[in-house]
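Me: I'm new to this one and would like a close look at a single part. Could you walk me through the place where the ligand sits, and what lies around that spot?

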Amino acid sequence: MTAKPILLVTRKFPDAVLERAARDYDARINQADEVYGPDELIARAAGCDAILTCSTETYSAEVLERLPASVRAVATFSVGIEHFDIEAARKRGLVVTNTPDVLTDSTADITMLVLLGAARRAYEGQRMLRENQWVGWNPNQLLGVHVSGKKLGILGMGRIGRAVARRARGFDMTIHYHNRGRLDPELEQGATYHADPEDLLGEAEFLSINCPASPEMHHFLDARRIELLPERAIVTNTARGPLVDDEALIAALESGRVAAAGLDVFEGEPNIHPGYRDLPNAFLLPHMGSATLETRNAMGFKCLDNLDAFFAGREPPDRVA
Ligand code: 8YV
């Protein structure tokens with residue numbers, strides 16, 4: 001019997017994922033679930049054949065250079081791959097895989113949650129009840145922004161953006177979008193394409209950010225671009241925090257230029273900009289887009305499918321490097 005490959009598992013992933021990892025690999029599981037910094041990651045990877053990781057660990061060019069030569073594949077429990085220097089991974093001959101598709105629905109669901117939560121002032125309503133401040137119904141209480149019939153501008157019409165569009169059509173919203181390339185009509189489903197993302201902003205009574213956090217898109221939504229949005233627009237971000245300039249969005253929420261924001265992701269997570277904490281018109285969640293047991297299991301199984309393929313000498317289906 002040949003020895004099982006040695007797999008470093010950097011976080012305490014859901015039980016079913018850990019069980020399968022322990023069944024098929026000589027798995028070294030981070031049971032304490034403490035985030036490994038670069039030095040600890042490199043030390044723990046000594047003698048390992050592969051790593052099952054996620055976006056809490058960073059694989060910069062420097063880390064990749066120091067990663068033990070025994071490590072030949074890294075499967076990340078995420079669709080986002082901005083925690084990797086993909087070019088450096090390629091140069092090192094490291095195989096890297098991610099988890100597309102399986103978190104599309106749960107992330108699109110959370111987008112609708114923060115969109116509705118922001119527009120309909122759900123945080124303020126919750127707070128009123130929990131702090132025992134509700135003195136009774138009144139006709140002008142917590143009047144929000146109407147959703148039905150509004151224009152939704154989707155920045156990034158990949159799998160998640162399109163799943164948001166499908167859900168938003170159920171709320172009678174009209175879909176506008178920007179994407180690096182225009183979609184085929186069967187994927188576009190009647191949505192209006194804007195080749196220039198700034199043109200999209202002009203239409204976006206609601207803006208949903210669903211694009212990857214590429215370096216060119218860093219702080220895309222800044223003070224100047226916020227001014228392109230319709231007055232009292234609603235902004236949602238369920239993609240990545242650095243796509244938004246927090247100072248600019250907080251100022252716009254304070255002034256009312258932006259009526260409300262629904263945010264699941266933040267620059268510098270988990271240390272979010274403190275300015276958000278006291279804003280009643282910010283509906284905030286702690287990066288929960290993929291947080292259903294079904295989704296997290298599926299993400300873990302996808303990582304293991306990719307590693308299984310790699311060790312069987314097949315091309316991993318979700319290879320990104
Ligand atoms: C993950 C995510 O939970 O998959 C992604 O890119 O943003 C999240 O859904 C997180 O990144 C864990 O690695």
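Reply: Here is a look at the ligand's surroundings, followed by the interface between the domains.

Keep in mind that this is a predicted model. The protein splits into domain 1 (6-102 + 293-311) and domain 2 (104-284).

Let's start with the ligand. Its shell includes Cys54, Ser55, Phe77, Ser78, Val79 and Gly80, along with Leu103, Arg240, His287, Ser290, Arg296 and Met299. By class, that shell has five nonpolar, five polar and two charged residues. A few polar atoms stand out here. Phe77 uses its backbone, with an N or O atom 2.8 Å from a ligand oxygen. Arg240 brings in a polar side-chain atom, 2.7 Å from an oxygen of the ligand, and Ser290 also has a polar side-chain atom 2.7 Å from a ligand oxygen. On its own the ligand would expose 330 Å², and the protein buries 89% of that.

Now stay with Arg240, as there's another partner to look at: its side chain forms a salt bridge with Glu82, at 2.8 Å from N to O. Glu82 also belongs to the trio, with Asp101 and Thr295, that supplies 65% of the area domain 1 buries against domain 2.

That brings us to the domain interface. About 500 Å² is buried between the two domains, with carbon and sulfur atoms giving 39% of it. Seven residues from domain 1 and five residues from domain 2 take part in the contact. Across the interface there are two salt bridges and three residue pairs in polar contact. On the domain 1 side, the touching residues are three nonpolar, two polar and two charged. As for the domains themselves, their C-alpha centres are 31 Å apart.

Terms used: Residues numbered from 1 in each chain as written. Predicted model: local features only at pLDDT ≥ 70, side-chain atom pairs only at ≥ 80, totals over all residues. Heavy atoms only, no water. Domains from an automatic or database assignment. Contact = heavy atoms within 4.5 Å. Buried area = accessible area lost by both parts, 1.4 Å probe. Salt bridge = Lys/Arg side-chain N within 4 Å of Asp/Glu carboxyl O. Polar contact = N/O pair within 3.5 Å; in protein donor to acceptor, adjacent residues only side chain to side chain. Nonpolar A, V, L, I, M, F, W, Y, C, P; charged D, E, K, R; others polar. Near = heavy atom within 4 Å. Areas by Shrake-Rupley, 256 points an atom, 1.4 Å probe, with all protein chains shown as cover.
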